[in-house]
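Here are some exercises to work through with the model open beside you. Try each task before reading its solution.

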Amino acid sequence: MLPWNRALRSCAAALLLLVTALAGSASAAESTAPSRGWNDYSCKPSAAHPRPVVLVHGTLGNSVDNWLGLAPYLVKRGYCVYSLDYGKLPGVPFFHGLGPIDESARQLSDFVDRVLASTGARETDIVGHSQGGMMPRHYLKFLGGADKVNALVGIAPSNHGTTLSGLTALLDFFPGAEKAIGDFAPALTDQVVGSDFLRRLNEGGDTVPGVRYTVIATKYDEVVTPYRSQFLSGSGVTNVVIQDLCALDFSEHVAIGLLDRLAFHETANALDPANAERTDCTDAF
């Protein structure tokens, strides 16, 4: 093994130890963290909002922290809202979405079945951030999810992969680097432009019949780049750039999912298009 390759593997191991150390004290809190009204399995969807909403976190996210803004926003508007943890690595609490994405999609499938059984609904709507906006497409296309999902809203989703502002191109100069990273956290290399996972996902078209798709992107995204790679094409697709609604919105990749009330408003519009209201800068307050 070349010296730089050994160093890379050592760095990956160090990263794993660092994540574990940082998250160790949080593992107990993860299961007891307040949900502010979501993940209530006694909730029954109303006539106004007949479909439960499933929230799917991004890479290195979790079912609580990723949704401290959007989940209460939707609950306040009368939705039954649920979130899951997926893509866990052994020994790494709190930071999830790192396992193979096809396996994560199967975990989503099981979770949707649980939500539908609890609520008695026929279909759900899915809202995901980053990987969480892309991964459900595997569920829709390959795992029968299209029969159980009405709409998918992706906030800064990695639909066609990322160059990480060009950094992934450096992998070509380091033979074995991509494999070393993939061995540590498969979801990372699954999301690189041109990966086998993305090739299979996007082969034959971006969408499946019967599902409405909305993509909400920010032109300041520094993680899923170029930002227009997030967009989908096909029938039933709406692509939104948040700065087209408010030029004063400077949210980047993380903020658009965690804090951006314009993105929240557009999400609510996508979930209930019959009652959609125009989104502009005033919705930031």
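**Exercise 1. Burial at a loop serine**

Decide whether S235 is buried or exposed, and say where S235 sits.

*Solution.* Begin with the accessible area: S235 has a relative accessibility of 61%. The cut-off for exposed is over 50%, so S235 counts as exposed. Next, place the residue: S235 belongs to the loop between strand 5 and strand 6. Finally, look across to G210, which is 25 residues away along the chain; the two C-alpha atoms are 9.4 Å apart. Keep in mind here, as in every exercise, that this is a predicted model.

**Exercise 2. A serine in a helix**

Work out whether S109 is buried or exposed, then find what S109 touches.

*Solution.* First, locate S109 in helix 4, residues 101–119. Its relative accessible area is 11%, and buried means under 20%, so S109 is buried. Now list the partners: with residues up to four places away in sequence set aside, S109 touches Y139 and L143. Y139 is one of the buried residues of helix 5.

**Exercise 3. Describing helix 5**

Compare the span of helix 5 with the expected value, and describe how covered helix 5 is.

*Solution.* Helix 5 covers residues 131–142, which makes 12 residues. From first C-alpha to last it reaches 17 Å, close to the 16 Å expected at 1.5 Å a residue. As for cover, 10 of its 12 residues are buried; among them are M134, M135, R137 and H138. After the helix comes G144, with a positive phi near 80 degrees.

**Exercise 4. Strand 5 and its partners**

Find the strands that pair with strand 5, and the residues that stand opposite V215.

*Solution.* On one side, strand 4 (residues 149–155) runs parallel to strand 5 and is joined to it by five bridges. Here G154 stands opposite V215. Strand 6 (residues 237–241) also pairs with strand 5 in the parallel sense, over five bridges. In that pairing, V215 stands opposite N239. To finish, check the cover: five of the six residues of strand 5 (residues 212–217) are buried.

**Exercise 5. A buried charge**

Which side chain of opposite charge is nearest to D190, and which backbone nitrogen does the side chain of D190 reach?

*Solution.* Start in helix 7 (residues 186–190), where D190 is found. D190 is buried, and the nearest side chain of opposite charge is R200, 6.3 Å away. A salt bridge needs a distance within 4 Å, and D190 has none. Its side chain does reach the backbone nitrogen of I101, at 3.2 Å. Leaving aside neighbours within four places in sequence, the contacts of D190 include P100, F197 and L198.

**Exercise 6. Unusual backbone geometry**

Examine L60, A156 and the bond between T225 and P226.

*Solution.* Recall the background: most residues other than glycine have a negative phi, and most peptide bonds are trans. L60 has a positive phi of about 70 degrees; it lies in the loop between strand 1 and helix 3 and is partly exposed at 44% relative accessible area. A156 has a positive phi of about 50 degrees and is placed in the loop between strand 4 and helix 6. With 0% relative accessibility, A156 is buried. The bond joining T225 and P226 is cis, with omega about -10 degrees, and P226 lies in the loop between strand 5 and strand 6.

Definitions and conventions:
Residues numbered from 1 in each chain as written. Heavy atoms only, no water. Buried < 20%, exposed > 50% of the residue type's maximum accessible area, 1.4 Å probe, protein only. Helix = DSSP H or I, 4+ residues; strand = E, 2+ residues; numbered from the N terminus. Pairing = 2+ DSSP bridges. Expected span 1.5 Å × (residues − 1). Lys, Arg positive; Asp, Glu negative; His and termini not counted. Polar contact = N/O pair within 3.5 Å; in protein donor to acceptor, adjacent residues only side chain to side chain. Contact = heavy atoms within 4.5 Å.
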